[in-house]
Structure formats: structure tokens, C-alpha cells
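Let's get to know a small set of features in this protein, one step at a time. Have the sequence and the 3D view open as you read.

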Amino acid sequence: MKYLITESQIENVIFKYLNNQDFIQIERNDGINFVNSEGDLAVDSLINFYRAGECWINFELSDEIAKFFSLDFNDSKYIIGRWVENKL
């Protein structure tokens, strides 16, 4: 059985998935880091958002989203970036 899912629907599902990850936001002088637990360092962060507007996304997170939701790697980065935009 095949289902057609619109772009906004898949984006909403991925947003819910990312919200359920319970990322912890750590504010730094240069921006905000999204980490899995309090003890994680900046180098362990999965997403870094810099005050200049730049967003760095960990390769493993982008790859996990791309594979789990059958997306192109660049599409997963775009959707994660939109999630960060909505979160902040």
C-alpha cells in the first residue's frame, strides 16, 4: 500500500520526532548548542546555532533523519534547519 505525504506533513512528523529527542539548549557567547544531556560539551553538540545566523548540523543527525524518513541528505538538513528556526 502506498501513501502520498505532502512536504508539510513530513516536516511536521520530523518536527515531532526532533521535539521528542528532548535536546538541551546550552547558551554560549557565540550562540546556542543543542546537546543530548547536561554533561555534554560543545564538541558533543548535535546542532550549533551561531548568533550570526549560521546553523551547523551534526552529520550523524542529518544522516539518521535522512535514512529514517527516506529523505535526501540535503532535505534532512533543510528540515532540521527549519526546526531550529521554529524552536528559537
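Two residues are in contact when they have heavy atoms within 4.5 Å of each other. With that in mind, look at the contacts with a separation of 6 or more: residues 24 or more positions apart account for 36% of them. Please remember that this is a predicted model.

Which elements would you meet on a walk along the chain? The protein has three helices and four strands. Starting at the N terminus, their order is α-β-β-β-β-α-α.

Here are some overall values for the protein.

| Feature | Value |
|---|---|
| Box filled by the C-alpha atoms, along the principal axes | roughly 50 × 25 × 20 Å |
| Exposed area of the protein | about 6,100 Å² |
| Distance between the mean positions of the positive and negative charges | 5 Å |

Carbon and sulfur atoms supply 50% of the exposed area. As for the charges, 8 are positive and 15 are negative. Of the 88 residues in the protein, 33% are buried.

Now turn to the start of the chain. Tyr3 lies in the segment before α1, the helix that spans 7-19. Is Tyr3 buried or exposed? Its relative accessible area is 64%, so Tyr3 counts as exposed, since the cut-off for that word is over 50%. Tyr3 also belongs to a nonpolar surface patch, which it makes together with Met1 and Ile5. This patch covers about 470 Å². Try finding these three residues in the 3D view.

Notes: Residues are numbered from 1 along each chain as its sequence is written. This is a predicted model: local features need pLDDT of at least 70, side-chain atom pairs count only at pLDDT 80 or more; totals for chains, interfaces and linings use all residues. Side-chain values use heavy atoms; hydrogens and water are left out. Patches are made of residues with over 30% relative accessible area and no salt bridge: like charges are joined within 9 Å, nonpolar side chains (Val, Leu, Ile, Met, Phe, Trp, Tyr) within 5 Å. Accessible areas come from the Shrake-Rupley method with a 1.4 Å probe; for residues, only the protein chains shown count as cover. A salt bridge is a side-chain nitrogen of Lys or Arg within 4 Å of a carboxyl oxygen of Asp or Glu. Helices (H or I, at least four residues) and strands (E, at least two) are DSSP runs, numbered from the N terminus. Buried means under 20% relative accessible area, exposed over 50%, partly exposed in between (1.4 Å probe, protein chains only). Lys and Arg count as positive and Asp and Glu as negative; His and the chain ends are not counted. The place of a charge is taken as NZ of Lys, CZ of Arg, CG of Asp or CD of Glu.
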